[in-house]
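I opened the structure today to look up a few things for my notebook. The entries run from the whole chain down to single residues.

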Amino acid sequence: MSALTAWVGSSFILHACHTEDDMIGEPNWVVEGAFDRPLTIPSIAEGSAALNAQFSVGELLKGKSSKTLSYANGLLGPTIKATTGETVNVSLQNSLSEETNIHWHGLILPENMDGHPKDVASPGGSLNYDLPIIQRAGTYWYHPHPHGRTAKQVFMGLAGMFIVNDSEEAALNLPSNEFEIPIIIQDKHFEGNNLDYSPNDEEIMTGYLGEQILINGQHAPFLSVEAGWYRIRILNGSTARVYNLGLTGGKQLIIIGSDGGFCELLNSCQP
């Protein structure tokens, strides 16, 4: 979703909670973090992007190296930005040992560009995507969609944010640049230092939950901010977990849009 929020102070912590009556797979608890690492902001690709699905290593937990999949280095890929009316060109190189592709979650696209499980790149192969942007401004994302491997490849690190801008949004003069913060939330399970995706039969049906909450590929980071308004773009990139989000100190989050575009009335996107 897109969100607009304000607070006063020099830093903030986005606290993700779970509810006790979650009817999805175990574990249902999360590990509290120290919030002692600066938040990483993914790089930005505008108009075109070259992505390489590859094996990588990243510092997901402080001071520890973890094996991941990545479109760049560590976890996650660049944030791709586009404007309504243009065509975005993305190339995908598959450096994995299994098939992969990219689904453009939320974008309105021709069938052959959408990342259907039948359209995949074999190991060592590649795909090219021409994405006509014909929709309103919004926050979307991209991730693999090969048959039977989608959840694991996303869990292991193949995902990224996709932002569409348009003239309607530009006229609103919303916070931008360093005042516009992408937040990709994912829960992960680790065995030792490495990510572990090994759901049992029940978890395949109800959802595989991790006990470590990562923000932009890091466990429990913080962001130093100035007093004033910030726009926070929030993406739940988890495989199953649902979150209650809030700011410490009782500061207010105001929802101004979703992946369907801006709300007509203030807070009209709220449940």
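My entries follow in the order in which I looked things up.

**Entry 1, the chain.** I note at the start that this is a predicted model, and that every value below was computed from it. For the secondary structure I found three helices and 23 strands. I then looked up burial, and 48% of the 271 residues count as buried. The accessible surface comes to about 12,700 Å², and carbon and sulfur atoms account for 52% of that surface. Among contacts between residues at least 6 apart in sequence, I read that 75% join residues at least 24 apart.

**Entry 2, strand β14.** I went next to β14, which spans residues 180–188, and found that nine of its nine residues are buried. In a regular strand the side chains alternate between the two faces of the sheet. I therefore asked which residues of β14 lie on each side, and whether the faces are covered or not. Glu180, Pro182, Ile184, Gln186 and Lys188 are on one side, Ile181, Ile183, Ile185 and Asp187 are on the other, and both faces are covered.

**Entry 3, the partners of β14.** Which strands pair with β14, and in what sense? With β20, residues 228–236, the pairing is parallel and runs over six bridges, and here Ile185 stands opposite Asn236. With β17, residues 212–215, there are four bridges and the two strands run antiparallel; in this pairing Asp187 has Ile213 as its bridge partner.

**Entry 4, the second largest pocket.** I looked up this pocket and found a volume of about 390 Å³. Its lining has 20 residues, and those nearest the centre are Lys81, Pro175, Ser176, Asn177 and Glu180. I had already met Glu180 as one of the buried residues of β14, and β14 gives the largest share of the lining, three residues. At least two lining residues each come from β8, β13, α2, β14 and β20. By type, I noted nine nonpolar, five polar and six charged residues in the lining.

**Entry 5, glycine 58.** Last I turned to Gly58, which is found in strand β6, residues 48–58. Why does Gly58 count as buried? Its relative accessibility is 10%, and it counts as buried because the cut-off for that term is under 20%. Leaving out residues up to four places away in sequence, I found that Gly58 touches Lys64, Ser65, Ser66, Thr68 and Gly74. I also noted that the C-alpha atoms of Gly58 and Leu75 are separated by 6.5 Å, although these residues are 17 apart along the chain.

How values were computed:
Residues numbered from 1 in each chain as written. Predicted model: local features only at pLDDT ≥ 70, side-chain atom pairs only at ≥ 80, totals over all residues. Heavy atoms only, no water. Buried < 20%, exposed > 50% of the residue type's maximum accessible area, 1.4 Å probe, protein only. Pairing = 2+ DSSP bridges. Contact = heavy atoms within 4.5 Å. Areas by Shrake-Rupley, 256 points an atom, 1.4 Å probe, with all protein chains shown as cover. 1 Å grid on protein atoms, 1.4 Å probe; cavity = no way out; pocket = protein on both sides within 12 Å on 5 of 7 lines; lining within 4 Å. Points joined across faces, edges and corners; volume = space filled by probe spheres on them. Nonpolar A, V, L, I, M, F, W, Y, C, P; charged D, E, K, R; others polar.
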